[in-house]
Amino acid sequence: MAGRRQSYSGIPVALVYPNASRVGLSNLGFQFVSQVWNAHHLFSVERFFVETGDRPDHKGFGAVVSEKGNRSLGQFPVIAFSLPFENDYPAVIRALLTNNIPCIASRRGARDPLVLAGGVSISLNPEPLAAFLDVIFLGEIEEADGWSRFLETLASIVAEKSRRKKWDRSELLRFRETPGAYVPEAYRFHYRSDGCVCGIHAEPGFALPVPALKRTAAGERLPMASVEDANAVFNQTLLVEINRGCGHGCRFCTSGWIHRPVRYRSFDQFCRQIAVKDIAGKTLGLIGSDLAGHPQLYQLLEFIAANGAAFSLSSIRPEGLTRQLLALIAATGQKTLTLAPETASPRMKKIIGKTLPDDLFFEKIEWLVEAGIPNVRFYFMVGLPTETDEDIVSVVDFVLNARSVFVAASQSMKRIGRISVQINAFVPKPWTPFQWAAMESPKNLERKIKIIRDGLSSVPNITARAESVRESVIQGYISRGDRRVGLILYDAISRQRRLPTVLREPRANAGFYLYRERDRDEVFPWDAVDHGVKKQILRRIYEKALSAAETVNGGRGANDPR
Ligand code: SF4
């Protein structure tokens with residue numbers, strides 16, 4: 001390994017986004033994490049991206065490139081990965097391998113960097129990458145006290161390590177009382193003969209489960225970042241998070257569970273932190289899982305428009321769309337509005353816990369076209385628990401009915417836009433009621449996607465696209481995986497084998513990780529983490545889901561659904 005430099009103004013940290021810079025630079029989480037690291041006097045951060053290939057199984061994927069400078073990862077005492085998506089995990093392993101850093105954490109010595117990670121996906125379930133990481137930060141980085149303590153502990157370990165010729169990994173035990181720190185080596189997992197986890201044991205002094213940190217104090221810094229890079233997906237956009245979490249608690253959605261209680265950035269706070277002079281002529285990308293539920297959304301948008309800026313909104317629930325709001329959206333030039341029905345039959349709506357009536361969508365489609373927004377995009381999922389082909393046909397019917405409304409409204413406006421239909425495979429996620437559910441087989445997913453595409457093909461003004469089923473399967477395999485999954489990834493990547501091929505081999509045990517409904521009392525790899533939602537409540541909601549019963553979701557606290 002290359003030697004580390006010994007004198008610096010702050011401890012050098014290689015902050016890696018394991019995907020291309022055009023993606024990483026447009027990711028608010030990554031941008032915000034860079035700011036927060038750099039704001040700490042003990043560290044100085046250099047950002048890295050993985051530039052080659054868009055897919056984890058792409059040959060040659062893994063070249064890690066610095067945003068500036070030409071140091072390699074091995075020259076940094078600390079490497080921190082920002083991990084919002086499971087499909088980026090193979091790039092973590094590749095990044096270490098291609099930089100000649102021992103991948104398995106326990107094999108790293110005094111001259112090797114400390115390797116850590118944080119982010120939404122790794123906080124949901126740290127275990128698939130546990131073998132490769134020295135420590136994982138669980139939860140929200142904005143929880144300032146917890147984050148400071150994490151960094152101070154990290155700095156003390158780096159200082160001690162730099163003094164030693166031989167690295168004693170028990171130094172990591174210093175994280176013992178650090179909130180949000182998950183040290184994989186301090187946790188041992190025991191498995192039954194059928195492969196299920198039967199016990200988790202923590203070293204003395206380590207919490208089990210480890211509470212993920214949550215930002216609870218009001219008035220903290222608003223996560224925002226200006227994207228100014230011609231290569232970035234959202235170039236010339238100021239990304240601003242105006243809400244975190246969602247009180248609707250749809251049964252497939254992690255945002256509806258782990259980010260409770262729901263938090264909205266107030267108009268006052270927004271105005272205090274957004275410099276008017278900086279937004280004129282810009283586009284503000286407003287980010288939040290429940291934009292429609294923001295009590296001051298109209299006020300915020302009006303403020304942005306009045307100050308010469310445009311805005312773009314991510315997917316929004318239809319309840320929040322008033323004619324007044326749509327007129328404002330249209331006036332600032334937004335050409336497409338995204339709505340996410342997810343499914344269409346009344347039975348499936350009840351099962352997933354998103355029971356918005358078709359007529360509500362149709363009404364809003366009419367309104368948005370009349371307001372001057374020419375296009376609409378729909379998100380749907382296939383492969384939901386208990387879903388039948390009849391339910392899939394309902395999706396086609398929904399879109400065709402929506403199109404009738406869309407065309408009629410467009411005719412009166414004398415211009416017709418497009419309806420885009422985006423189809424995603426359902427991937428069961430930890431910390432949701434559907435964490436027990438089996439994932440649909442690739443064959444069935446492809447067949448269901450085909451039903452929708454065939455039903456909509458050759459219909460004017462409609463485009464239907466589907467996410468790669470292969471990528472969804474990789475995501476599903478990793479999402480609910482354990483350390484053994486990490487070692488399968490490692491083996492595949494170090495031998496330059498394609499993941500979809502490896503997942504079809506018996507040793508990958510895909511049936512166990514993907515296509516199996518979990519037992520009621522099964523111990524999950526992510527039971528070592530605590531996001532403040534009780535497992536028995538998730539289980540109760542899962543059982544209600546299977547009988548298409550509704551639950552009440554208020555979003556006021558972690559465990560309020562009944
Ligand atoms: S409405 Fe449902 S799917 Fe959308 S963010 Fe909220 S909980 Fe998730």
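How many helices and strands does the protein have? Counting DSSP runs numbered from the N terminus, with helices being H or I of at least four residues and strands being E of at least two, the protein has 19 helices and 21 strands. Before going further, I should say that this is a predicted model, in which local features need pLDDT of at least 70 and side-chain atom pairs count only at pLDDT 80 or more, while totals for chains, interfaces and linings use all residues. Residues are numbered from 1 along each chain as its sequence is written.

Let me begin with the overall dimensions. The C-alpha atoms fill a box of roughly 75 × 60 × 45 Å along the principal axes. The radius of gyration, taken over C-alpha atoms, is compared with a globule rule of 2.2 Å times the number of residues to the power 0.38; for 562 residues a compact globule would come out near 24 Å, and the protein, at 24 Å, agrees with that. Of these 562 residues, 48% count as buried, where buried requires 20 or more other C-beta atoms within 10 Å of the residue's own, exposed means 12 or fewer, and partly exposed lies in between, with C-beta atoms placed from the backbone.

Next, one sheet. Four strands form an open sheet in the order β17-β18-β19-β20, with parallel pairing, and pairing here requires that DSSP finds at least two bridges between two strands. The edge strands, each pairing on one side only, are β17 (336-342) and β20 (462-466). Strand β18, residues 375-382, is joined to the parallel strand β19, residues 419-425, by seven bridges, and Phe-380 stands opposite Ile-423 in β19.

Now to the ligand. Its surroundings consist of Cys-246, His-248, Gly-249, Cys-250, Cys-253, Ser-255, Gly-256, Ser-289, Asp-290, Arg-317 and Lys-354, with nearness meaning a C-beta atom, placed from the backbone, within 6 Å.

Finally, a single residue, Thr-153, which lies in helix α5 (residues 144-163). Is Thr-153 buried or exposed? Thr-153 counts as partly exposed, because it has 18 C-beta neighbours inside 10 Å. Beyond its neighbours within four places in sequence, Thr-153 is in contact with Arg-174, Phe-175, Thr-178 and Ala-181, a contact being two C-beta atoms, placed from the backbone, within 7 Å. The C-alpha atom of Thr-153 is separated by 41 Å from that of Thr-501, which is 348 residues away along the chain.
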